[in-house]
Amino acid sequence: MSAHRLLNLRFIALGIILLMGVFLRLPPALFQKPGGPLRGLVALHPQPASQQLGFDEGLYRDYADKLTRFGLISYPEIIERYREKQQTLTSAVFSMLTLLLAAIFAARLGGSGYAIGVGALMAFAPTQLHMSQHALVDGFFTFWATLVLWSLWENLRAPRDWRWLALYVVALTATVLTKENAFFVWVAVVAILIANHWLKFGTVTRELLLATVIGPVLGVVLLGMLAGGAGPLIATYQLSVTKNYELKYAILTGDGPWYRYLVDLMLVSPVVLLLAVGSIFNLTRLKKTEWLCLIFIAASYLVMCNIKYGMNLRYANMWDLPLRVLAFSQLLVLIGFIAQRWRSIALFAAVGLTCALEMRNYVVMAVEYPLYELVTPELMRGLKILKSPADLK
């Protein structure tokens with residue numbers, strides 16, 4: 001097969017994968033309403049069983065609607081309303097953008113083969129599909145966190161390129177404006193920059209270090225201005241933190257041992273997690289991509305698993321791409337034992353089987369069971385490991 005024809009086939013394959021991923025992420029309302037434009041395709045779309053509107057999701061939808069109608073001038077009012085509610089008491093588009101960003105990032109890391117393989121694994125990732133069906137801010141945050149990781153990689157490979165530096169600053173600023181979890185991303189970025197001394201991902205310049213500081217600082221300054229000043233911003237953050245120690249739901253579902261995220265990931269994506277862990281045993285200094293992804297996950301994990309009453313798998317949504325890069329890397333190692341002429345077929349089959357298992361897990365947990373929160377008891381009930389009270393009657 002000629003190189004030109006092979007490249008065309010890869011573009012077609014990638015296009016099909018992206019279209020499938022986009023279709024799976026479309027909001028269920030497009031298929032359910034009587035006048036829904038895609039009602040005729042409802043049988044092909046895995047409709048989530050949970051139709052409830054959670055407390056956080058209700059707030060996010062209200063805020064997003066207000067920002068859409070009135071713009072950033074409504075931000076101080078949003079902050080004030082958040083404080084009032086706390087004292088008294090969709091994501092689909094960004095999930096699609098994250099899928100597209102993942103394919104582009106993977107292509108930059110390892111070429112078209114990586115784009116197809118990693119893109120396919122992301123297209124059927126259960127946590128990505130679940131977040132796309134609910135208006136939670138973590139889906140937005142995942143996009144910006146992924147953009148931070150990609151732009152950091154590009155800056156290390158192309159030092160002092162103002163275009164990548166600007167994108168890096170914008171991505172860091174956006175994470176701060178989106179959610180306080182930006183601190184976890186920043187810790188991971190710093191860890192990667194430190195590890196570069198030994199692993200040599202690229203060149204750490206003075207401009208890159210300044211951008212790493214300027215991005216978050218700019219985000220905090222803008223957040224303070226939009227919130228109406230430092231006072232309301234600090235008060236809101238304090239409320240957000242203290243509520244974790246008071247809300248019964250957070251105490252019941254947000255606690256656990258340091259390895260809880262591993263348990264939850266094992267329930268949701270067992271094959272991907274096992275492949276990703278297996279790739280660690282094949283690491284060499286030459287595997288820069290794998291080291292980058294591993295350090296990003298490990299450094300942010302170290303902080304996230306120590307937040308009391310603040311553990312939830314939707315916060316780990318930003319690990320989906322790095323985990324699948326590691327998983328795909330391990331698949332490449334495993335098919336290395338197969339004869340050269342059969343490797344492409346073996347890789348296609350391995351990725352396809354993994355995607356099928358991922359999709360099956362999503363259907364079991366979110367379509368056959370009304371899964372809403374990605375917490376351990378609910379994941380175990382969705383997989384029929386735990387029985388709900390209704391099952392015991």
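The paragraphs below go through a predicted model, from its overall make-up to its core and then to its surface.

The protein has 19 helices and zero strands. Of its 393 residues, 51% count as buried. The exposed area comes to about 19000 Å², with 69% of it supplied by carbon and sulfur atoms.

One helix can serve to check the geometry. Helix H5 covers residues 91–110, 20 residues in total, and spans 28 Å from its first C-alpha to its last, close to the 28 Å expected at 1.5 Å a residue. After H5 comes Gly111, with a positive phi near 95°.

In the interior, the largest nonpolar core holds 102 residues. Ile192, Phe201, Tyr261, Met318 and Trp319 have the most contacts inside this core. Helix H8, residues 137–157, gives the most to the core, with 11 residues. Trp319 can be followed further: leaving aside neighbours within four places in sequence, Trp319 is in contact with Tyr261, Leu265, Phe296, Ile297, Ser300, Tyr301 and Met304. Tyr261 thus appears both in this list of contacts and among the core residues with the most contacts.

In soluble globular proteins, nonpolar side chains tend to be buried together. The surface of this model also has a nonpolar patch, of about 700 Å², made by Leu210, Val213, Ile214, Val217, Leu218, Val221, Leu222 and Met225. Met225 lies in helix H11, which runs over residues 206–227. Is Met225 buried or exposed? Met225 is exposed, because its relative accessible area is 60% and the cut-off for exposed is over 50%. As for the spacing along such a patch, an α-helix has 3.6 residues a turn, so residues three or four places apart point the same way.

Key:
Residues numbered from 1 in each chain as written. Predicted model: local features only at pLDDT ≥ 70, side-chain atom pairs only at ≥ 80, totals over all residues. Heavy atoms only, no water. Helix = DSSP H or I, 4+ residues; strand = E, 2+ residues; numbered from the N terminus. Expected span 1.5 Å × (residues − 1). Patch = residues over 30% accessible without salt bridge, like charges linked within 9 Å, V, L, I, M, F, W, Y side chains within 5 Å. Areas by Shrake-Rupley, 256 points an atom, 1.4 Å probe, with all protein chains shown as cover. Salt bridge = Lys/Arg side-chain N within 4 Å of Asp/Glu carboxyl O. Buried < 20%, exposed > 50% of the residue type's maximum accessible area, 1.4 Å probe, protein only. Core = buried A, V, L, I, M, F, W, Y, C linked by side-chain atoms within 4.5 Å. Contact = heavy atoms within 4.5 Å.
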